[in-house]
Number of protein chains: 4
Amino acid sequence: MRPVIGVGMIGYAFMGRTHSQAWRSVDAFFDLPLKPAMVALAGRSAEATAQAAEKLGWAHVETDWKHLIDRDDVQIIDICTPGDSHAEIAVAALEAGKHVICEKPLANTVAEAEAMAAAARAAAARGVRAMVAFNYRRVPAVALARKFVAEGRIGEIRHVRAQYLQDWIVEPEFPLVWRLQKDKAGSGALGDIGAHIIDIAQYITGERLAGVSGLTETFVKERPLAAGSTGLSAGSGAGRGAGRGAVTVDDAALFIGRLSGGGLASFEATRFASGRKNAMRIEVNGSLGSLAFDFEAMNELWFHDHTLDSAEAGFRRVLVTEPSHPYVGAWWPPGHGLGYEHSFTHEVKDFIEAIAAGTAPEPSFDEGLRVQRVLAAVEQSAADGSRFTTVEDS
Amino acid sequence: MRPVIGVGMIGYAFMGRTHSQAWRSVDAFFDLPLKPAMVALAGRSAEATAQAAEKLGWAHVETDWKHLIDRDDVQIIDICTPGDSHAEIAVAALEAGKHVICEKPLANTVAEAEAMAAAARAAAARGVRAMVAFNYRRVPAVALARKFVAEGRIGEIRHVRAQYLQDWIVEPEFPLVWRLQKDKAGSGALGDIGAHIIDIAQYITGERLAGVSGLTETFVKERPLAAGSTGLSAGSGAGRGAGRGAVTVDDAALFIGRLSGGGLASFEATRFASGRKNAMRIEVNGSLGSLAFDFEAMNELWFHDHTLDSAEAGFRRVLVTEPSHPYVGAWWPPGHGLGYEHSFTHEVKDFIEAIAAGTAPEPSFDEGLRVQRVLAAVEQSAADGSRFTTVEDS
Amino acid sequence: MRPVIGVGMIGYAFMGRTHSQAWRSVDAFFDLPLKPAMVALAGRSAEATAQAAEKLGWAHVETDWKHLIDRDDVQIIDICTPGDSHAEIAVAALEAGKHVICEKPLANTVAEAEAMAAAARAAAARGVRAMVAFNYRRVPAVALARKFVAEGRIGEIRHVRAQYLQDWIVEPEFPLVWRLQKDKAGSGALGDIGAHIIDIAQYITGERLAGVSGLTETFVKERPLAAGSTGLSAGSGAGRGAGRGAVTVDDAALFIGRLSGGGLASFEATRFASGRKNAMRIEVNGSLGSLAFDFEAMNELWFHDHTLDSAEAGFRRVLVTEPSHPYVGAWWPPGHGLGYEHSFTHEVKDFIEAIAAGTAPEPSFDEGLRVQRVLAAVEQSAADGSRFTTVEDS
Amino acid sequence: MRPVIGVGMIGYAFMGRTHSQAWRSVDAFFDLPLKPAMVALAGRSAEATAQAAEKLGWAHVETDWKHLIDRDDVQIIDICTPGDSHAEIAVAALEAGKHVICEKPLANTVAEAEAMAAAARAAAARGVRAMVAFNYRRVPAVALARKFVAEGRIGEIRHVRAQYLQDWIVEPEFPLVWRLQKDKAGSGALGDIGAHIIDIAQYITGERLAGVSGLTETFVKERPLAAGSTGLSAGSGAGRGAGRGAVTVDDAALFIGRLSGGGLASFEATRFASGRKNAMRIEVNGSLGSLAFDFEAMNELWFHDHTLDSAEAGFRRVLVTEPSHPYVGAWWPPGHGLGYEHSFTHEVKDFIEAIAAGTAPEPSFDEGLRVQRVLAAVEQSAADGSRFTTVEDS
């Protein structure tokens, strides 16, 4: 009955698996105006791509992403490749009239991101949609935090305190995977996980980072070469090849800054926080209340209502599993938590709805560009004695 | 390449939705010996069943479960109906040579459960498998708890402290849905959620409840009649019809008891714990350590190692998201939590593997019967002045 | 300026030390109508008592508690001896016109407690005051919980879930100290720590336990004889003598029961919960909200307001350190927690104020007797196949 | 028997009350080589000082601190006045041969602190002792953290993440108390509470802050004049006078920096974190483990042992109430927490022991000076576009 919209995906590593599960599940839980079809998967190796397609549920295989864009049965291009290829693919797809959802960070450089944002703006004029996949916005607790701020529940924002803490490469013998090489990954913890906390800080507060002062560090400067092209997600199981090479990205990045509304903000992205597995945390303090979130307990939002009498006030643990919470009504009863992958399911749900409605999906490529500019300002500040560096306006 | 195994499901309410997501996802994440096919969905109303099948991804529709059993392309019967129909369906399916996975509690009475267990034993002799769907065993943290106990990490078990706390019907005007009627549901909180904590207590400890002393209560004795046949999971949104009717099941059940190994155990199942949404909790204290779990934080297992020097000992929060944890390696990197539905995916994964291997899947119908006997003993004790009541041996 | 009120204390072990710190500190923080003077300490050994008096700040020493009662400069008798001597001392002191504060449990038997309560009633008619020292009532968070219930914030009470978990004697070679001997201690975990949770459950709810069904167990039936007369508080450092003896009290006691208002209650007292050091916990669920407390985090009260929209409701952590919280205004600024001993300081503060005001201090000996009756009912039920046993009315 | 050592204290506001409780209690719990006597209290107003002395337990009163120093029965001068008077008093006392314990921050300027440190060094040569009262070092959990680091349990330090969050002046109408005026307080959140986290970061790690980049902000720039000379600790109850005045100190200070060992550090001190009452938090991540502490739960230290198998590793909650923990053996049994004031009791205990032993108490005035230099570097950086500023070596 409903029109079908064909999806073609490029890349089938960690992000390809999460996106596949999203495309596979979204229609069973949400009432969508368009029925997504998992048409084709693109990858360089015919054999490996075919295996992945069978496993992940894609009907066809392409070994050249340009052919994927050419397919008439594909209307959405889903980019799950490393950052160095985002710009070329996204611009080509948009110009070909395909809607694009692109993994974050938008690109490896501001220049690439600018080109992509320009292409997205041009495409939008023709009704073609683009969206950057900052999935954490679609964690229900994060979306609820944004809602509380937008409704004025925490008042004027004084502080943002954001951290993204991992410990995946604490071990000095963890191999030199592509994410530790600047040419492929652009930057290290800063771009990979720092990008997420910049985005959700700006999303939740509805403000922008006006300027920053940064410090970065590479604790382990040399590592064994990797065998194969695995990412960090392979954990300590990633193979090691012969010889050693230089780590050319940051292991950790710290920065402090000012929000456009006058508040102060503190950020930390690191892969060296022993015991913290995926602690993407943010706390926002306002004149009327506060909010706190930690992805390691992703179904909880902590809310302090400062307008209550102090004798009964306190941070309350809102279990974000109520039917009235963002996205949650489609799933299970109260107290039955969701997992990491659901953020992707919500993402493609919103994307399909925006395409059908002819509205601009969020976060836009312009928002992706804005994050890129913050990353660049942090790197510039770090290279310039931590001097406070204004984030360029889009 | 791999042989296909056809699945037919009966019922498409809350449990039907969770099982469908499991069948839909399992093959993308686990390397299965048999490829499950979602062949047909059975329900009484042709139209409603067809709609559900389209939404949930079932290829065909049957309006009589007997026809589902008759289908040659169906080798597994998945029973997601209310407890009063389990026995008839399961026995028929097993006799027809179909593998059966049946929602919990196994049945509404001990007699029904005995008949089912006998049928399962007979079927097993012919290589036909049966399993009761106590899904919480397949939450990775619960499976890890079992592993720690089995490895002797907590020593001799002294205490089990289990609670299943919900607050879905605190409101006296919540309608009289089928789960509040004894003829359909068998019992109230006791059978619905108490059954889960009995099962995981016995599973984690590897022991049995030898005897119990119980108390039950119905706090709200009359409620508005319900419009439609929704369950509790509809939340406060369940429609109300005209008139009122008597609540014929327990709202809460408490019982204490002795474990087969000499420990003491305490259980509480209630739908009147304001603010607790789905707090299925268990703590086990042993001579060498302790374990604690709360489903509201389902990716965490708390472990106290009592063999450490007390100066550095304490309950530690193990984030059960490591590749080495049960089931987790198939999913995401460390720190990326799973949700409620994954327990069902793990369940059907184990069921398929057992079928292929020709082994007995767990929990067996005999284990389901054992839980049923505990439920019966609690009810008997409650009706007899809380007198300590021995749980009959299977 | 203010009149002085002289205090004489009997016993200087664990409880003697806490009470001494209370008497020493109370006047510096609270504006009292009477100035307490630490007049004399009584103990059997002249030398040991003199040493303790010097350390703890008592001006004089008596080696016979009767002489202490005889002193004209002593108006308050503070009883910190084991339970088997409470009745004789308290009755004598009250008859001599001395105000009495007596450690819990009030006595080792119901008969003794009845005699004490009768003596207290008679003394009250002459303006002489008696109080049983259930100190946990004076933890600010517990007092705040009582206040919330009294103000109707949690509505009709459905559930009480109380536990007192320790692990001090998990080790089978921990010696047979006096608290493990029935003739001296009356009972084990039940009377020592179970008494506390019975008292605070009744205090917080304002209801009574109407009846109970109980189970008790002694896990370690024989232990090395102790060297010296230390209590449990000596930890694993308690000396061991030659030979072994039988443990004649319970190691753990579980009971479930009904509250006078119709709610259900669950209790557990154990010294075998590995990793739980002094987890005196209580949760109360009502029709309008819930409260939860754990003494291991004694400055926090968790409050769920069920009247809020479920989209923003959740258990909130009230840090009970605000000037408006019970007792707290006398101490430090917000966020600066109090410790265990402060509960005793608050206790003697309230006792002095009641004496000065000529009002009845709480908890009265009648309340202590009521706890004793619950303890007796639990033991009776445990001895009678867990049969539900009505708690005798005072 | 033991020699008496006389104490004279100057100031009786918040800090005077905490120190008095410490002097009053210390001898009852610790076996001290010298018996402290609370000889005299100094304050400007004879009447108010006399009242305070009676309340707090000081035997005599002086209205001129110089007379206090002159007293032969006083060997220790305890300085509890605002920071602008520390230098003059401390130097005079040390020159007069009196041991000095001085509240933090050591002084309002680096120059004053240098003079004090020089005086302390000179005095030490004559056996006269000086100590700055960074009380949080003596919270048992903080001392335990230091012990774990010193023992190598967390390996090479990669990250320090320290915050001191309060919300006492979120309300714009909170009056302009002395702590909000630069001439009296030196700085705002930075010096008052930021000083504490600098000190404990350096204490726990055993390293120094090598350089910093800072940002400060005053959110509320004008406030009602205060009636009376209360501090922040008066809470919102502080009186308001007529008219308004400028806030001349920072409301919040953020800084990032490098540790002498190569790690990165992040600090935040603010009085505008709604809902955070006294959240002095520090987390340290090392190559072998991590530690985390929050003063709002002051009896807990969280420890992650990264050398354990990741399948069972996790942050463990060490309840720092074991006899083997620093300072704890003197107090109560396991699980019976201590409060804020105990940190001061431990402080004077260590001070008395150092005096008796003829050793240098810690933290020395040199350490106080080092903190002062960090504060100055933060202010300098904040005034210079957040430029990375090296902390001058002592």
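# A guided tour of the chains and their contacts

Start by selecting chains B and C: a rotation of 180° with 0.0 Å of shift along its axis lays chain C over chain B, with an RMSD of 0.0 Å. That is how copies related by a two-fold axis are arranged. The superposition is a least-squares fit on the C-alpha atoms of residues with pLDDT of at least 70 in both copies.

Before moving on, please note that this is a predicted model, in which local features need pLDDT of at least 70, side-chain atom pairs count only at pLDDT 80 or more, and totals for chains, interfaces and linings use all residues. Residues are numbered from 1 along each chain as its sequence is written, chains are lettered from A and ligands numbered from 1 in the order in which they are written, and side-chain values use heavy atoms, with hydrogens and water left out.

**Stop 1: the axis**

Now pick Arg387(C). Among the residues of chain C, Arg387(C) comes closest to the rotation axis, its C-alpha lying at 2.2 Å. Because 100% of the interface residues of chain C are also interface residues in chain B, the copies meet through the same surface.

**Stop 2: where chain D meets chain A**

Next, show chains D and A together. Each side brings residues to the contact (heavy atoms within 4.5 Å): 47 from chain D and 47 from chain A. Select Arg158(D), Leu215(D) and Ile256(D), which supply 16% of the area that chain D buries against chain A, more than any other three residues. Between them, chain D and chain A bury about 3,700 Å², 56% of it on carbon and sulfur atoms. Buried area here is the accessible area (1.4 Å probe) that two parts lose on being put together, summed over both.

How many salt bridges are there between chain D and chain A? The count is six, where a salt bridge means a side-chain nitrogen of Lys or Arg within 4 Å of a carboxyl oxygen of Asp or Glu. To see a salt bridge, zoom in on the side chains of Arg258(D) and Glu217(A), with N to O at 2.6 Å.

Colour chain D by secondary structure, using DSSP runs numbered from the N terminus (helices H or I, at least four residues; strands E, at least two). On the side of chain D that touches chain A, the largest share, six residues, comes from β11(D). By class, that side of chain D has 16 nonpolar, 21 polar and ten charged residues. In this grouping, Ala, Val, Leu, Ile, Met, Phe, Trp, Tyr, Cys and Pro are nonpolar, Asp, Glu, Lys and Arg are charged, and the others, Gly among them, are polar.

**Stop 3: two domains inside chain A**

Finally, hide everything but chain A and colour domain 1 (4-136) and domain 2 (139-361 + 372-384) separately; these bounds come from an automatic or database domain assignment. The centres of the two domains of chain A, taken over C-alpha atoms, are 23 Å apart. Their contact takes 41 residues from domain 1 and 43 residues from domain 2.

Together these domains of chain A bury about 3,700 Å², 71% of it on carbon and sulfur atoms. In domain 1, highlight Phe30(A), Arg129(A) and Tyr136(A), which lose the most area to domain 2, together 24% of what that side buries.

Two salt bridges are counted between the domains of chain A. For a last close-up, select Glu114(A) and Arg373(A): they form a salt bridge whose closest N and O atoms are 3.1 Å apart.
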